[in-house]
Amino acid sequence: DSESPPRIIGRRFDDMAGGIEAVAASVSADLVRRLPRQNKKQREGLSLLVATMLDVRSANLMDLSASLPRASERIDMRYQWIARLLGNELVDTDWVMAPFATEVLQRAAAGGKRLVLIIDQSKANDTQQAIVVAVRVGGRSLPIAWRVKETEGAIGFHEQKAALETALALLPAGAKVVLMGDRFYGSPDLIAWCRSKGWDWRLRLKADLLVFEDGGESTVAECFARGERMLSGVELTGKRVATNIGMVHEEGHPEPWFIAMSDTPTTARTFDYGLRWGIEAMFSDFKSRGFGLEDSQLQRTDRMDRLILVMTLALYWAVSTGMWAAEHAALPVEKKRPALLRKRWLAA
């Protein structure tokens, strides 16, 4: 089931690796290759926690403590070990992620393909939200950069920009990028930022956003009500940021899409926005269908930031190992269905 690869690939780890310690050793060796200057204690700690998370399929610290293969028999001491690792300010999330993100970006951009980056926000727990920039790979996406903030509402442009600029620094030279985002991100500030970096965009707009066209002022919804569907060279809000807008209302959908875009608007380009849904599958992996992020019980944003790092490394490791297994160690029943198998792992 491509909707929940950590569960499926986790079973492969059980079969292939023979235990948490063996997986941790493999993850550690990979980190040595990617980050040769990383502190040994940090590397071993991250590797052990990644392997444990893959085994228990949970982000809850008590679940992790119960299975963590440490010498101490007391679960509270293992819990404290995890808490100290997640609270270690020397573990730089962006630095650890950089070689993983760089590799997947290079693969996604191979052959001059345009990178589809997606920005979205997800609830980490009752008090914290995470803004995530991910790259679409197959039918889903993988995280590139994120920022965690203590808030119950939308995360503002300052944090969006920080995550995007982290992703920007990792892009292959000459990469072509289109940024997707829902109506929280269809803002003049973000559109202006994309333009300044040479990125294309497909960003959903709120219906009440002001549009200026040929000296007139109206809202996006009012333009749609007048029968306008493709707007070129309009300006948004009092900031007068220029963009094009495509509008579609697919049958059976409760609301139309109002999509700001860099390209000349067409119906097909407006429907490009549907590629954004790849990040929803990723959030499902993090939460309800996967690791259960909201059950972590963490209150500090720095610890949540590093817990997301552990989850992301687990997801990268699981997906890459699963793809290798599909290619080199398929089960007999899977060998009889190569087309279906390729489709499953390409989606992952």
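## A guided tour of the predicted model

Begin with the whole protein chain in view, where you can count 14 helices and 10 strands. Keep in mind throughout that this is a predicted model. Of the 348 residues of the chain, 53% count as buried. Among contacts in the chain with a separation of 6 or more, 59% are accounted for by residues 24 or more positions apart.

**First stop: H2 and H6.** Select residues 20-34, which form helix H2, together with residues 93-108, which form helix H6; the two pack at an angle of about 85°, and their axes are 9 Å apart. Because angles of 65 to 115 degrees are counted this way, H2 is roughly perpendicular to H6. To see where they touch, show Asp-30, Leu-31 and Arg-34 on H2, and then Pro-99, Phe-100 and Glu-103 on H6. Sorted by class, the residues of this contact are three nonpolar and three charged, with no polar ones.

**Second stop: H3 and H5.** Now select helix H3 (residues 40-56) and helix H5 (residues 75-86), whose axes lie 11 Å apart and which pack at an angle of about 120°. The two helices are therefore oblique to each other, and H3 passes H5 in a left-handed crossing. On the H3 side, pick out Gly-45, Leu-46, Leu-48 and Leu-49, which meet Trp-81, Ile-82, Leu-85 and Leu-86 of H5. The residues of the contact of H3 with H5 comprise seven nonpolar, one polar and no charged.

**Third stop: the nonpolar cores.** The largest nonpolar core has 100 residues, and those that touch the most other members are Ile-144, Leu-179, Trp-199 and Leu-307, so select these four as your landmarks. Next highlight helix H12 (residues 301-328), which gives the most to this core, with 13 residues. Centre the view on Ile-144 and, leaving aside residues up to four places away in sequence, look for the residues that it touches, among them Met-97, Val-104, Val-133, Leu-170 and Tyr-316. There is also a second, separate core of five residues, which includes Val-248, Trp-257, Ile-259 and Tyr-273.

**Last stop: Gly-215.** Finish by selecting Gly-215, which is found in the loop between strand E6 (210-213) and strand E7 (216-219). Is Gly-215 buried or exposed? With a relative accessibility of 87%, Gly-215 counts as exposed, because the cut-off for that class is over 50%. Then add Val-234 to the selection: Gly-215 and Val-234 are 19 residues apart in sequence, while in space they are 10.0 Å apart, C-alpha to C-alpha.

Key:
Residues numbered from 1 in each chain as written. Predicted model: local features only at pLDDT ≥ 70, side-chain atom pairs only at ≥ 80, totals over all residues. Heavy atoms only, no water. Axes fitted to C-alpha atoms, helices over the stretch in contact; angles between N-to-C directions. Helix = DSSP H or I, 4+ residues; strand = E, 2+ residues; numbered from the N terminus. Parallel < 35°, antiparallel > 145°, perpendicular 65-115°, else oblique. Left-handed = near helix turned anticlockwise from the far one by under 90°. Contact = heavy atoms within 4.5 Å. Nonpolar A, V, L, I, M, F, W, Y, C, P; charged D, E, K, R; others polar. Core = buried A, V, L, I, M, F, W, Y, C linked by side-chain atoms within 4.5 Å. Buried < 20%, exposed > 50% of the residue type's maximum accessible area, 1.4 Å probe, protein only.
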